[in-house]
Amino acid sequence: MSDLTELLKEAIIIDGACPLANVGNHWERWIEGRATAIAVTVATNDSIESTMHKIGSWFKKFRKYPNKLLHITSVEDIYRAKREKKLGIIFHFQNTLPFGTDLNMIEVYHKLGVRIVQLCYNVKNFVGDGCSERTDCGLSEFGIKVISEMNRLGIVVDLSHCGYRTSMEAIEVSKDPVIFSHSNVRAICDSPRNLTDDQIIAVASKGGTIGINGFPAFVAKKPKPTLDDLLKHVDYIAELVGTKHIAIGMDYWEGMAGISSEEDARALYDSLIESGSWNPKDYPPPPWYYPEGIEVPNKLYRLAEALLDRGYSKQDVKNILGENLIRVFKRVWK
């Protein structure tokens, strides 16, 4: 048995940011990619009504595909998904907008199975400033209360898309480890969506993780980044804080090349720019080609081979693929 075959047999692969999985049956692509569990984006700029609709649609899928899907609300569920060869589904918010200004809603969503919540999505909300906001004002008083309530309930605080001060203050305020579910290194690729060295050091000091992101504009300043370009971010973080703080957050989404036509991708882009969710300075227009070799979720497992070829040990690779996130989940989930 080759090292790769043995590793894939043993490893738990968790993709920590999966917007595409919420669309149709694209979640099946992660099964082909040998994922054990994925964090599905069930809310971004959503109202309570649309968030409930998305969550409800997943409960229907759990009933329809009981031999393929497993709702993840605990670490034991992840191990069960691995044993039973099912795809674990973790509910992930990429914004706190579905909370409104009502802290009680956080517990409602927790009871429905939400286990990871990103504080902001690029722009300002009730909690704090996003990374594309013209200001950098940090957490609001409400934001501090939101983090406290998430800590109490056992929901992972996610800081991707957050502004610099918002993220640094959240790391300080949180009693538990926090994560950047899908962010890369600013020193490698200069983008407000990527992280400065002190953000990387701060999240690592808290015991958290950084999920390597495949969205091309955050990997390299070229139309078609390579897998080597992506692994440069892994190398940088590993040298700065060690491999125990690296995870996966590929951010495969419905507008990407290989999934969407260029016409449909352009329509998505125009709507995101018009709504203000995306800033054209930070997000170039399509097509969006993910790193060659892992262009779509079906090929996610190839990241393991690339890391081994890069010289990372078998244990380092297993940590990056999923065990580092499991360590955080063990600390946070009640």
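**Exercise 1. Helix 5 against helix 6**

Determine at what angle helix 5 and helix 6 pack in this predicted model, and which residues meet.

Solution. Step 1: identify the elements. Helix 5 comprises residues 104-111 and helix 6 comprises residues 141-153. Step 2: consider the geometry. The two helices pack at an angle of about 35°, and their axes lie 10 Å apart. The crossing of helix 5 past helix 6 is right-handed. Step 3: list the residues. From helix 5, Ile-106, Glu-107 and His-110 take part, and they meet Val-146, Glu-149, Met-150, Arg-152 and Leu-153 of helix 6.

**Exercise 2. A residue of helix 6**

Decide whether Asn-151 is buried or exposed, and find its contacts beyond four places in sequence.

Solution. Step 1: Asn-151 is located in helix 6. Step 2: its relative accessibility is 8%, so Asn-151 counts as buried. Step 3: once neighbours within four places in sequence are set aside, Asn-151 is in contact with Val-157, Ser-174, Lys-175, Asp-176 and Lys-334.

**Exercise 3. Helix 9 and the largest core**

Establish the span of helix 9, its buried residues, and what covers them.

Solution. Step 1: helix 9 runs over residues 227-241, which is 15 residues. From first to last C-alpha it reaches 21 Å, close to the 21 Å expected at 1.5 Å a residue. Step 2: the buried residues of helix 9 are Leu-227, Asp-229, Leu-230, Leu-231, His-233, Val-234, Ile-237 and Ala-238. Step 3: their cover includes helix 8 (197-205), strand 8 (209-212), strand 9 (246-248), helix 11 (302-309) and helix 12 (314-332). Step 4: after helix 9 comes Gly-242, with a positive phi near 100°.

Step 5: turn to the nonpolar cores. The largest has 89 residues, and Trp-30 and Leu-119 have the most contacts inside it. Helix 9 gives the most to this core, namely six residues. A second, separate core has 20 residues, among them Ile-12, Val-75, Ile-90 and Ile-326. In soluble globular proteins, nonpolar side chains tend to be buried together.

Step 6: examine Trp-30. Apart from neighbours within four places in sequence, the contacts of Trp-30 include Asp-15, Cys-18, Leu-20, Tyr-252, Pro-297 and Leu-300.

**Exercise 4. Thr-36 and Lys-82**

State where Thr-36 and Lys-82 lie, and how accessible each residue is.

Solution. Step 1: Thr-36 belongs to the loop between helix 2 (28-32) and strand 2 (37-43), while Lys-82 is found in helix 4 (residues 75-84). Step 2: Thr-36 has a relative accessible area of 3% and is therefore buried. Lys-82, with 26%, is partly exposed. Step 3: compare the contacts, residues up to four places away in sequence being excluded. Thr-36 touches Lys-82, and also residues including Ala-11, Ile-12, Ile-78 and Leu-87. Lys-82 is in contact with Leu-8, Lys-9, Glu-10, Ala-11, Ile-12 and Thr-36. Step 4: Lys-82 and Pro-284 are 202 residues apart in sequence, and their C-alpha atoms are 37 Å apart in space.

**Exercise 5. Cysteines**

Find how many disulfides the structure has, and explain why Cys-189 is not bonded to Cys-131.

Solution. Step 1: a search of the whole structure finds zero disulfides. Step 2: for Cys-131, the nearest cysteine sulfur is that of Cys-162, 7.8 Å away. The cut-off for a disulfide is sulfur atoms within 2.5 Å. Step 3: the closest cysteine sulfur to that of Cys-189 is in Cys-131 at 13 Å, which is too far for a bond. Step 4: Cys-131 counts as buried at 14% relative accessibility, and Cys-189 counts as buried at 1%.

Definitions and conventions. Residues are numbered from 1 along each chain as its sequence is written. This is a predicted model: local features need pLDDT of at least 70, side-chain atom pairs count only at pLDDT 80 or more; totals for chains, interfaces and linings use all residues. Side-chain values use heavy atoms; hydrogens and water are left out. Helices (H or I, at least four residues) and strands (E, at least two) are DSSP runs, numbered from the N terminus. The expected span of a helix is 1.5 Å times one less than its number of residues. Buried means under 20% relative accessible area, exposed over 50%, partly exposed in between (1.4 Å probe, protein chains only). Contact means heavy atoms within 4.5 Å. A nonpolar core is a set of buried Ala, Val, Leu, Ile, Met, Phe, Trp, Tyr and Cys residues joined through side-chain atoms within 4.5 Å. Axes are lines fitted to C-alpha atoms, for helices over the stretch in contact, and angles run from 0 to 180 degrees between N-to-C directions. A crossing is left-handed if the near helix is turned anticlockwise from the far one by less than a right angle, and right-handed if clockwise.
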